[in-house]
Amino acid sequence: MIQAPTPRLDGGWVLRPAWWMACLVVLLTQLAVWVLAQAGASSAWVLVGGLAVEAHGLGVAYRLIRPNKIIYLQDKSLLVCDHRGRKYAHVQASGGFASPFFIGIALGRYRHLGVFPNQLSCEQFGALLRWVRWP
């Protein structure tokens, strides 16, 4: 089966893995599970809650290690695509918060894109930070 070439826009920024943040997420997840286990090891609800925390934390860590997003910054809008060129979100105005350490952008009602400085080059992260701070 032959696949058509995926369209690439100029200026796309591919997110790199955030290894140190993924390790921190796994460590905090393990700490939360340990605290839940110490609080009530005999309760079935605590066991289910611990497994849910574990699954969610490992899922977040996996998405930090294997990001599959391409960010296109065009004028005052942001386009987020996957590596196949399918549009993930198109944001006209900022809907999140920005700091020098982390940018969280609302991509819809229930979806957010979190970007750390080590996932982009310094110039790309600075441009994204300026874009989010635009009125």
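These are legends for a set of close-up views of one predicted model.

**View 1. The whole chain, from one end to the other.**
Here's the overall layout before we zoom in. The predicted chain has three helices and seven strands, and from the N terminus on they come in the order β-α-α-β-β-β-β-β-β-α. Of its 135 residues, 33% count as buried. As for who touches whom, take the contacts with a separation of 6 or more: residues 24 or more positions apart account for 57% of them. The chain exposes about 9000 Å², and 64% of that comes from carbon and sulfur atoms.

**View 2. The largest nonpolar core and its main contributors.**
This core has 19 residues, and the ones that touch the most other members are Ile71, Leu78, Ile105, Val115 and Leu128. Two or more residues come from each of β3 (77-82), β4 (87-91), β6 (103-106), β7 (112-115) and α3 (122-132). Helix α3 gives the largest share, six residues. There's also a second, separate core of seven residues, with Ala18, Ala22, Ala61 and Phe116 among them. As a bit of background, nonpolar side chains tend to be buried together in soluble globular proteins.

**View 3. Ile105 and the residues around it.**
Center the view on Ile105, one of the core members that touch the most others. Setting aside neighbours within four places in sequence, Ile105 is in contact with Leu78, Val91 and Gly96, then with Arg111, His112 and Leu113, and finally with Leu128, Trp131 and Val132.

**View 4. Ala89 in strand β4.**
Ala89 sits in strand β4 and is buried, at 5% relative accessibility. Leaving out residues within four places in sequence, its contacts are Leu78, Leu79, Val80 and Leu107. For a sense of scale, the C-alpha atoms of Ala89 and His112 are 9.7 Å apart, with the two positions 23 residues apart along the chain counted as their separation.

**View 5. Leu129 meets Ser99.**
Leu129 belongs to helix α3, while Ser99 is in the loop between β5 (97-98) and β6. Both are buried: Leu129 has a relative accessible area of 12%, and Ser99 comes in at 17%. Residues up to four places away in sequence aside, Leu129 touches Ala98, Ser99 and Ile103. Turn to Ser99 and the partners are Phe125, Leu129 and Arg133, with the same kind of sequence neighbours left out. Leu129 and Val115 are 14 residues apart in sequence, and their C-alpha atoms are 9.9 Å apart in space.

**View 6. Leu15 and Arg66, a pair of loop residues.**
Leu15 is in the loop between β1 (12-14) and α1, and Arg66 is in the loop between α2 (44-65) and β2 (69-74). Leu15 is buried, with a relative accessible area of 5%, whereas Arg66 is exposed at 55%. The two are 51 residues apart along the chain, with 8.9 Å between their C-alpha atoms. Ile70 is 55 residues from Leu15 along the chain, and here the C-alpha atoms are 6.5 Å apart. Beyond residues up to four places away, Leu15 touches Pro67, Lys69 and Ile71, plus Leu113, Val115, Gln119 and Leu120.

**View 7. A nonpolar patch on the surface.**
Not every nonpolar side chain is tucked away, and this view shows some that aren't. Trp20, Leu24, Leu27, Leu28, Leu31, Trp34 and Val35 make a nonpolar surface patch of about 740 Å². Trp20 is in helix α1 (residues 19-39). With a relative accessible area of 49%, Trp20 counts as partly exposed, because the exposed class takes over 50%.

**View 8. Two cysteines, Cys23 and Cys81.**
Cys23 is exposed, with a relative accessible area of 52%, while Cys81 is buried, at 5%. The structure holds zero disulfides. For reference, a disulfide is a covalent bond between the sulfur atoms of two cysteines.

How values were computed. Residues are numbered from 1 along each chain as its sequence is written. This is a predicted model: local features need pLDDT of at least 70, side-chain atom pairs count only at pLDDT 80 or more; totals for chains, interfaces and linings use all residues. Side-chain values use heavy atoms; hydrogens and water are left out. A disulfide is a pair of cysteine sulfur atoms within 2.5 Å. Buried means under 20% relative accessible area, exposed over 50%, partly exposed in between (1.4 Å probe, protein chains only). Patches are made of residues with over 30% relative accessible area and no salt bridge: like charges are joined within 9 Å, nonpolar side chains (Val, Leu, Ile, Met, Phe, Trp, Tyr) within 5 Å. Accessible areas come from the Shrake-Rupley method with a 1.4 Å probe; for residues, only the protein chains shown count as cover. A salt bridge is a side-chain nitrogen of Lys or Arg within 4 Å of a carboxyl oxygen of Asp or Glu. Helices (H or I, at least four residues) and strands (E, at least two) are DSSP runs, numbered from the N terminus. A nonpolar core is a set of buried Ala, Val, Leu, Ile, Met, Phe, Trp, Tyr and Cys residues joined through side-chain atoms within 4.5 Å. Contact means heavy atoms within 4.5 Å.
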